[in-house]
Amino acid sequence: MKPTTDTQPAQDAIAVLDFGSQYTQVIARRIRECSVYSKIYPFNTKVSQLKADGIKGIILSGGPSSVLSKSSPRPDAGVFKMGIPVLGICYGIQLMAHMLGGGKVAKSPQREFGHGTLTIHKDCPLFAGLPKSLRVWNSHGDRIDQLAKGFSPVASTENSSFAAIHDPKRNFYGLQFHPEVAHSELGIEVLRNFLVKICGCRDNWSMSGYIERKITEIREAVGKDRVILGLSGGVDSSVAAALIHKAIGRQLTCVFVDNGLCRLHEREQVQKLYGDHFDLDLRVARKSAVFLKKLKGVSDPERKRKIIGRTFVEVFDAEVKKLKARGNYRFLAQGTLYPDVIESVSIDGNPAALIKSHHNVGGLPKRMKLQLLEPLRELFKDEVRALGTELGLPREVVWRQPFPGPGLGVRMLGAVNRSGLDVLRRADAILHEEMMASDLYYKVWQSFCVFLPVKTVGVMGDERTYENVIALRIVESVDAMTADWARVPYEVLRTVSNRIINEVNGVNRVVLDISSKPPSTIEWE
Ligand code: XMP
């Protein structure tokens, strides 16, 4: 299946070559904040590719390697001969000193890490309009002892005379510090100078421009054919549906699979919002019996995930077949985001060329011969939210908390069954209501209930009870890679616990999960 919508942008673009820095994505984001389009490439991308993509400037990212190591990653040497500006950051500046002749990089006895004061000694377009002294943030091991031919120092820090360098003739620049991180004062202005003043990029990347461009592309790609999309009600598939719908209206068919593992009233909410409000051609496949039958007696988390994923594909496959009579369904639309498609690089020199696998639905079987339509594949999550807002999706959809593809299947621990899922659904709805009522829902990353496969003794009225336990999992996070349990006020927790035990039959105990990630994960399975 070939992507059909990842065509070249109609605006100026900057390439960020990725040498493995944890900040590579942050650089790309900052560039877009400057309204310039940016794309991350593996470090060893061929110059021919960059030329074909019409790149106007190159940023060499930081990275964990030392240029002194033979196996450290190197760019195609041709990037320095393209005649376009290059900015090396951290590892990138050291690459320039090492690769461009006459420079010398040495092991530093001490790693420079944390804040420093940058003093600018010389006029340089990179610092145009900025104060002569800036607080900057460093993180590097090696140091440059001698600059490559053509370069001269522009600014220094306490520990380095070569904190910023340039070669004005070739338009090459290097920064030992990280302008992209929030701790570097006016760092974004340094980047903006590079993009606009040095590379001459037009700062015309905007969400409304993006929508217009995508609508044209989708119409051209689809023509008179049809598109099918699995709508879960989550942010990504909802925004993809709204965008494609705006482009081709009822040539788009969305399928919501009710697998019995959804949250309370989820199907009705999706039907109401998209069927009524957006006039989407929405089909609902009511398949909870199929899913629950296949999951019967299965308690291993990985097996559960696999069964759910596989069954989803089967159901979707059957829906596509049913639709055949209506027209030519040539495209499968997905809400794949940019972080999902960035190729990861392994830093010992071999690009892993691995696309991060979506842990939702692993695509459809090849025999279905559908082409992929992925109109969000150039966007970061916060950009998708901005797009959703611009398309008129309500806040409840755009800012909804993440929900795993396998749904409550991985939140009811052990083997799932309908009655347990009902208990979990009702408990979860109460937690949701109280998080909303206390104005906390949008402040945390996720808040949900987990059904534990144990029973404990309690007393209600004068009667002994022997019932289930619900765990509350409420976490704060910025990207789900790490997370900490949220310090929710006791009063809110008390209300949630009281309400769950009083209102949900079958629960006599509520516990709070106070584990961080790592070493735990956000979901329990
Ligand atoms: P963990 O549990 O690994 O979860 O800390 C990290 C984030 O990913 C979500 N998650 C999933 N999302 N399909 C998804 O789309 C899945 O199979 C899946 N499993 C976990 C989880 O909710 C959290 O936000």
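How many bridges join strand 1 to strand 2, and do the two run parallel or antiparallel? Six bridges join them, and strand 1, residues 13-18, runs parallel to strand 2. One facing pair you can find on the screen is Val16, which stands opposite Ile40 in strand 2. Before I go on, please keep in mind that this is a predicted model.

Those two strands belong to an open sheet of nine strands. Reading across, the order is 2-1-3-4-11-10-9-6-7, and the pairing is mixed. Strand 2, residues 37-42, and strand 7, residues 133-140, each have a single partner strand, so one side of each is left without a neighbour in the sheet. From one strand to the next, the twist averages 30°. Helix 1, residues 24-33, lies across strands 1, 2, 3 and 4. Relative to strand 2, helix 1 runs at about 160°.

Now the other sheet I want to show. It is open too, with five strands in the order 14-13-12-15-18, and here the pairing is parallel. At its edges are strand 14, residues 281-286, and strand 18, residues 371-373, each pairing on one side only. The average twist between one strand and the next is 30°.

Take the end of that sheet with strand 18. Strand 15, residues 329-333, pairs with strand 18 over three bridges, in the parallel sense. Phe331 stands opposite Gln371 in strand 18. Two helices pack on this sheet. Helix 5, residues 207-222, touches strands 12, 15 and 18, and its direction makes about 145° with that of strand 15. Helix 6, residues 235-248, touches strands 12, 13, 15 and 18, and its direction makes about 165° with that of strand 12.

Last item, the second largest pocket. What lines it, and which residues lie nearest its centre? The lining has 26 residues, with Arg263, Leu264, Gln269, Arg400 and His432 nearest the centre. The elements giving two or more residues to this lining are helix 7 (266-277), helix 12 (395-398), helix 13 (418-437) and strand 19 (446-460). Helix 13 supplies the largest share, six residues.

By class, the lining of this pocket has twelve nonpolar, seven polar and seven charged residues. The space in the pocket is about 600 Å³. In terms of domains, at least three lining residues come from each of domain 2, residues 207-398, and domain 3, residues 417-512.

That is what I have; questions are welcome.

Terms used: Residues numbered from 1 in each chain as written. Predicted model: local features only at pLDDT ≥ 70, side-chain atom pairs only at ≥ 80, totals over all residues. Heavy atoms only, no water. 1 Å grid on protein atoms, 1.4 Å probe; cavity = no way out; pocket = protein on both sides within 12 Å on 5 of 7 lines; lining within 4 Å. Points joined across faces, edges and corners; volume = space filled by probe spheres on them. Helix = DSSP H or I, 4+ residues; strand = E, 2+ residues; numbered from the N terminus. Nonpolar A, V, L, I, M, F, W, Y, C, P; charged D, E, K, R; others polar. Domains from an automatic or database assignment. Pairing = 2+ DSSP bridges. Axes fitted to C-alpha atoms, helices over the stretch in contact; angles between N-to-C directions. Contact = heavy atoms within 4.5 Å.
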